[in-house]
Amino acid sequence: MPGADPDPGASRAVAVTGLGAVSPLGWNLASLWEGLRSGRTAVGPFDRFHHSGHRTHIAAQVDLTAEPERPQNKTRMTVNDRFAVAAAREAVARSEIDLGGCRGRTGVYFGSSTGGMLESETYLEALLAAVARGRPPTSSLLASQQNNGPGDAVARDLGIGGPVQTISAACASGAMAIGDAIVAVRRGEVDVAIAGGSDSLCRLTYAGFNALRAVDERPCRPFRADRAGLSLGEGAAAVILEPLERALARGARPLALAAGEAATCDAHHMTSPHPEGLGAAEAIRGALAGARLDPSEIDFVNAHGTGTLLNDAAECAAFAAVFGDRAPDLPVTSTKSLVGHLLGSAGALEAVATILCLLHGEVHPMPDDGTSDPGIKLRLVLGRPLRLARARHALSTSLAFGGANAALVFTRHGDRDPAR
Amino acid sequence: MSETLAIRLRIKHLLVETLHLEGSDPSKIVDDAPLFGEGLGLDSVDALELVVALEKEFGVRIQNHEVGREAFASVSALATFIDGRLAAAGNPDAGS
Amino acid sequence: MPRSCSHATEIGTLRAETVVTGLGTIGPCGHGREALAAALAAGKPVVVEVDRGAGLHREGGARLAALVKERDVSRWVPAAAARRMSFPSKLAVAAARMALAEAGIGATEAGGPRVGVYLSTTYGPGLFTEQLLRQILLEGAEAAQPYYFSECVANASAAQLAIAIGARGPNVTLTQRESGPLLAVARGAQAVREGRVDLALAGAVEEITPLLHALLDRFGALARKEGALAEMPRPFDRRRDGFLAGEGATLLVLEREDAARARGARALARVAWSGAAFDATATASDWGDGHAPLAAALRAGLDEVPDGAAGVGAVVSGASGARRGDRIEARVLRAAWGEARLPPVLVPKAVTGEYGGGILAPGLLALEGAQFGPTPGFGEPDPAAGVTPHRGGARPIPSRVLLTGLASGGAAAWLVLERAS
């Protein structure tokens with residue numbers, strides 16, 4: 001099975017014991033869940049940077065004025081770093097883990113595609129202007145531009161001593177980071193993994209996606225007939241992963257099991273997915289195989305669902321290929337219609353959203369916007385949450401720019417068949 | 001040279017420069033040959049790249065839904081499309 | 001006690017080890033291993049003057065970089081396929097094809113769902129990113145060109161590589177700065193060992209543009225002329241003041257040892273161990289001083305390898321001339337070896353520069369017995385660091401080498417390669 005753990009039976013079960021999120025819906029998990037349940041989009045006017053010269057004028061923005069706790073060295077941190085640190089702190093706090101004894105056995109696995117780009121753009125603008133005027137630039141902060149900024153900031157903030165890595169794989173970064181963390185915990189490389197992603201709005205991605213004509217002037221409508229592109233968002237999300245035995249031994253409450261993960265690549269085109277979603281289908285099958293689940297056991301899907309014509313069609317084809325006759329009845333939602341596309345942290349935020357749905361026994365809706373596309377035969381959750389009190393297994397998918405695909409399977413704790 | 005021929009030649013030069021068709025001679029690009037799929041074998045990103053270049057070169061604004069296969073099917077089709085936009089805008093570049 | 005990842009595991013009754021069967025490298029020294037070996041033997045950095053025409057450089061700052069001079073890679077990447085590729089993408093595809101050729105793997109066997117890509121980069125395609133930003137900032141957002149955006153993301157080169165060879169397994173881009181290249185090889189090797197892929201293309205790619213060079217210099221990160229001292233990186237030297245910026249691409253072909261032998265391929269090296277840790281005392285752009293926990297992690301890892309630290313015949317160090325970077329590197333090595341004498345410490349980045357994946361290829365060459373000349377730039381030991389790098393001259397061919405990669409920002413990675421024949 002491509003891109004998946006071929007011998008999961010020999011591995012240890014991995015539990016999710018903490019969740020944290022910073023999103024356009026607020027600086028914590030509770031505001032995320034409340035907002036997701038509401039089905040009201042957070043995509044709207046924004047002021048992270050001047051966008052009058054851009055083709056579109058909406059996005060889902062985090063309210064910086066509502067930042068709860070200022071990290072000590074905030075002036076040296078990018079906005080992205082601050083999102084990441086806040087999400088990781090919340091996840092650690094909620095997991096009630098005492099990192100004190102195991103910092104050397106704790107790793108950080110993060111994803112980001114923008115790093116400190118927002119601040120670097122401001123610096124470059126000032127530098128170019130100064131050069132044009134023949135004057136030296138003012139000594140403003142040149143924040144770390146590289147994508148490892150947020151993950152490293154989390155590791156420094158929490159005093160981590162184990163492996164730290166950042167994956168930058170565009171829209172699949174967050175999911176791949178979590179996937180890597182699951183594997184690292186399973187193979188015993190670390191006892192605890194803090195995994196997630198962080199991305200901020202910035203001019204480069206906003207103008208870039210607009211140059212590709214991939215951004216909708218209106219809030220995106222994934223899988224709908226009149227979908228016209230994506231909406232951009234920003235934020236961070238983090239999960240705490242540890243071996244299930246260890247979690248139970250320390251009296252933690254496992255929120256879910258990280259049951260399966262897989263990553264593949266379309267190897268097809270730099271910006272368009274494979275039209276039949278072949279790579280995505282292989283990733284889904286790989287994650288299912290790792291979780292030792294049949295496709296029929298998945299109760300709902302948190303799709304990548306960006307709202308672009310091509311992504312949604314390809315993803316739908318992938319679902320049809322994997323789930324067959326069951327695909328039209330499988331509840332599908334997309335977080336992106338509510339919080340926008342968080343790029344490098346999308347996969348992480350969506351993993352968190354998927355676990356929240358499992359915990360609460362309901363699938364969050366998308367806004368009831370747009371009309372049904374006859375070519376998209378999926379059971380979309382629209383307007384109101386779908387009550388699924390007995391939901392046990394859920395799938396979260398990410399299909400990235402450049403062709404990388406990632407799939408994660410989560411299982412509500414208490415339902416895992418020990419015989420698997 | 002007529003206005004229409006001038007537009008076609010500008011488009012051909014733009015194709016070669018913008019799309020990095022190194023070694024290609026603009027004058028050898030056939031007016032009615034398909035640009036996408038077969039022929040020059042360009043793809044969707046090439047189309048978008050071309051749109052940015054056309055907007056800059058001719059000062060027209062091309063909407064998302066216009067970035068489709070009909071207007072962009074060949075050099076001739078593109079020239080007709082541009083011509084129409086320039087005429088509508090009362091632009092002296094437009095052919096008669 | 002931190003435990004890292006031994007690469008020899010038992011799956012059932014099979015012993016699954018990962019070997020390197022191909023090396024492709026393009027850098028400032030030229031194309032291929034021979035050009036690199038010659039430069040390492042000569043012990044001289046291969047540098048050029050950076051174009052300062054855009055006026056972004058500061059007065060009195062660094063002027064040199066280790067850049068790829070021969071930029072034509074059409075032998076490996078036909079012009080039609082390369083039409084929209086950034087320079088790093090072309091380098092990555094070229095180096096990968098070079099490595100596959102050495103491994104004796106043809107085009108049809110190099111693709112499929114069981115082939116993964118594990119690539120490290122720090123800045124991604126810098127030139128395209130800069131050009132896109134210039135358009136947005138100076139001409140307006142609507143001047144942004146789609147080509148630049150699709151090719152400026154950090155994972156662009158890994159994606160292009162996957163398309164070029166049809167690699168449909170995991171496509172991983174790591175952006176962990178100076179430790180990235182070793183992490184990429186470690187992740188690729190793990191994927192092979194754990195049966196996730198049959199073939200992994202792992203390595204690093206970097207492009208150094210005039211803007212990047214100017215910014216690194218403004219950070220005070222680069223070696224520069226100081227009074228009578230010429231501009232050059234001086235690893236471990238008391239007078240060091242920064243590193244040499246370098247670009248290039250190095251890709252390794254990794255596969256299971258039993259599979260390699262079964263098809264008659266020659267194993268260049270076996271991946272014996274990889275480890276990673278983090279120094280939380282570092283700042284976002286510099287190294288810290290938490291050498292003791294890092295040394296403990298390294299030591300614990302070496303203890304898992306047969307003969308431990310004593311079995312390491314040479315250290316291929318990631319030291320680069322960075323003031324605090326070389327200091328913590330030296331302290332980690334000294335502490336990990338304790339009372340025992342360090343083996344020869346080779347410092348290839350003094351020749352190849354930092355960021356272009358500078359130690360991967362030299363690491364393999366060292367294992368093959370390549371001779372390294374005196375470490376350029378080193379003249380006066382630094383008592384605060386305490387490591388004297390290789391001074392030239394013959395050394396015994398090591399059967400095991402340790403590659404080190406301590407990153408600014410705090411990450412650390414290590415790799416032990418051993419002879420496989």
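Q: How many helices and strands are there in chain B?
A: In this predicted model, the elements of chain B run α-α-α from the N terminus on. So there's nothing but helix in that run, and the count for chain B is three helices and zero strands.

Q: Why does chain B count as being as compact as a globular protein of its length?
A: Chain B has 96 residues, and for that length the globule rule gives 12 Å. Its C-alpha atoms fill a box of roughly 35 × 30 × 20 Å along the principal axes. The two values to put side by side are the rule's 12 Å and the radius of gyration, and they're close, because the radius of gyration of chain B is 12 Å.

Q: What percentage of the residues in chain B is buried?
A: Contacts first: with a separation of 6 or more, 58% of those in chain B join residues 24 or more positions apart. As for burial, the share of the 96 residues is 26%.

Q: Is B:Arg8 buried or exposed?
A: You'll find B:Arg8 in helix α1 (residues 3–18) of chain B. The cut-off for a buried residue is 20 or more other C-beta atoms within 10 Å. B:Arg8 has 23 of them within that distance, so B:Arg8 is buried.

Q: Which residues does B:Arg8 contact, leaving aside its neighbours within four places in sequence?
A: B:His65 is a handy reference point: it sits 57 residues from B:Arg8 in sequence and 23 Å away in space, C-alpha to C-alpha. Contact here takes C-beta atoms within 7 Å. With the sequence neighbours set aside, the partners of B:Arg8 are B:Asp31, B:Val75 and B:Ala79.

Q: How many residues of chain B are in contact with chain A?
A: On the chain B side, the residues split into four nonpolar, two polar and no charged. Chain A puts in six residues of its own, and the number from chain B is six.

Q: Which element of chain C gives the largest share of the side that touches chain A?
A: This contact takes 59 residues from chain C and 62 residues from chain A. On the chain C side, elements supplying at least two residues each include α4 (146–150), α5 (156–165), β9 (171–174) and α3 (126–139). By class, that side has 36 nonpolar, 16 polar and seven charged residues. The largest share is five residues, and it comes from α3(C).

Q: What is the radius of gyration of chain C?
A: Chain C comes to 12 helices and 16 strands. For its 421 residues the globule rule gives 22 Å, and the value for chain C is close to that, so chain C is as compact as a globular protein of that length. The C-alpha atoms fill a box of roughly 65 × 55 × 40 Å along the principal axes. The radius of gyration itself is 20 Å.

Q: What percentage of the residues of chain C counts as buried?
A: In chain C, residues 24 or more positions apart make up 79% of the contacts with a separation of 6 or more. Out of 421 residues, the buried share is 67%.

Q: Which element gives the largest share of the side of domain 1 of chain C that touches domain 2 of chain C?
A: The domain assignment splits chain C into domain 1 (5–262) and domain 2 (273–418), with C-alpha centres 20 Å apart. Their contact takes 62 residues from domain 1 and 60 residues from domain 2. The domain 1 side divides into 36 nonpolar, 14 polar and 12 charged residues. Its largest share, seven residues, comes from α1(C).

Q: Which helix gives the most to the largest nonpolar core?
A: That core has 325 residues, and those with the most contacts inside it include A:Ala87, A:Val239, C:Ala99 and C:Leu161. One of these, A:Ala87, touches residues including A:Gly20, A:Val22 and A:Ala236, not counting residues up to four places away in sequence. Both domains of chain C also feed the core, with at least three residues from each. The top contributor, with 11 residues, is helix α2 (residues 87–103) of chain C.

Q: How far apart are the end C-alpha atoms of helix α5 of chain A?
A: All of this helix is covered, with 14 of its 14 residues buried. Just after it, A:Gly188 takes a positive phi of about 85°. At 1.5 Å a residue, the 14 residues (173–186) should span 20 Å, and the model agrees, because the end C-alpha atoms are apart by 20 Å.

Technical notes: Residues are numbered from 1 along each chain as its sequence is written. Chains are lettered from A and ligands numbered from 1 in the order in which they are written. This is a predicted model: local features need pLDDT of at least 70, side-chain atom pairs count only at pLDDT 80 or more; totals for chains, interfaces and linings use all residues. Helices (H or I, at least four residues) and strands (E, at least two) are DSSP runs, numbered from the N terminus. The expected span of a helix is 1.5 Å times one less than its number of residues. A residue is buried if 20 or more other C-beta atoms lie within 10 Å of its own, exposed if 12 or fewer, and partly exposed in between; C-beta atoms are placed from the backbone. A nonpolar core is a set of buried Ala, Val, Leu, Ile, Met, Phe, Trp, Tyr and Cys residues joined through C-beta atoms within 7 Å. Domain bounds come from an automatic or database domain assignment. Two residues are in contact if their C-beta atoms, placed from the backbone, lie within 7 Å. Ala, Val, Leu, Ile, Met, Phe, Trp, Tyr, Cys and Pro count as nonpolar, Asp, Glu, Lys and Arg as charged, and the others, Gly among them, as polar. The radius of gyration is taken over C-alpha atoms; the globule rule is 2.2 Å times the number of residues to the power 0.38.
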